[in-house]
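Grab a pencil and let's work through a few short exercises together. Each one has a task, then a solution in steps.

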Amino acid sequence: QHGGSFATGVGSIYLLSSSPTILNNIITLGNCWGIEANSSAPLIQGNEISATQDPHGQCSFGGGAAIIIWGNFYVSSGTNSGAPAIIDGNQIENNVESGLEDAGGNGGAGIAVWGGSPIIMHNVIRDNASPGGSGGAINLQSGQGVVVVQNLIYRNSAGCGGGAIADQTSRDPRTGISSLIANNTFVDNVNLAQLSGYSECAFIA
């Protein structure tokens, strides 16, 4: 509990150029991010990640997300080469992304992707909120060839488009695909853009 630091802007579990297995942990009430993977290729599996927080916008982009991905292993953010993160079979709930860090790019209280090509599968992502951003459950802000398959995504909300998922990824030149979103179940996710009127909502798919 209470891992991570507002002062230094790092998550409860911070990865840099590494490829660990993070298995069957309970990560709750973290500051900034539950798991922060920077140019890394972790296997994140079977964890419960909840109540991550950034109430005053002291972190960085996506502050308050349960998991944030900043690129593949040994690769700069935004590229699709190298080994990707695998996020498989986790329960991700009740995280709140503050939306206070920047005028654009906020969101993804469950999972925020800012580079690379992570594989997101078999997760339960529920009751997360991005009141000042896009993608209540998942925000694919950057990256190429991201895979989101066979997840249960419900009761998430966003203030700027994509109650469940917002996608702004780039086309992978090797496959021609920016992202693959397939065989997921979406239930009762709420887009509050009509109420909030954020200008960046027009850019959210």
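**Exercise 1. Find the bridge partners of Ile69 in E4 and E10.**

Start with Ala37: its bridge partner in E7 is Ile69. Next, look on to E10, where Ile69 has Val113 as its bridge partner. (Strands, E, are DSSP runs of at least two residues, and helices, H or I, of at least four, numbered from the N terminus.) A word on the source: this is a predicted model, where local features need pLDDT of at least 70 and side-chain atom pairs count only at pLDDT 80 or more, while totals for chains, interfaces and linings use all residues. Residues are numbered from 1 along each chain as its sequence is written, and side-chain values use heavy atoms, leaving out hydrogens and water.

**Exercise 2. Work out how E7 pairs with E4 and E10.**

Strands pair if DSSP finds at least two bridges between them. E4 (residues 35-38) and E7 are parallel, with four bridges. E7 also runs parallel to E10 (residues 111-114), joined by three bridges.

**Exercise 3. Are the residues on the two faces of E7 buried or exposed?**

Buried means under 20% relative accessible area, exposed over 50%, and partly exposed in between (1.4 Å probe, protein chains only). In a regular strand, side chains alternate between the two faces of the sheet. On one side of E7 (residues 67-70) sit Ile67 and Ile69, on the other Ile68 and Trp70, and all are buried.

**Exercise 4. Track down the disulfide.**

A disulfide is a pair of cysteine sulfur atoms within 2.5 Å. Cys32 and Cys59 fit, with S to S 2.1 Å. The torsion about their S-S bond is about -85 degrees, so the disulfide is left-handed. Both Cys32 and Cys59 are buried.
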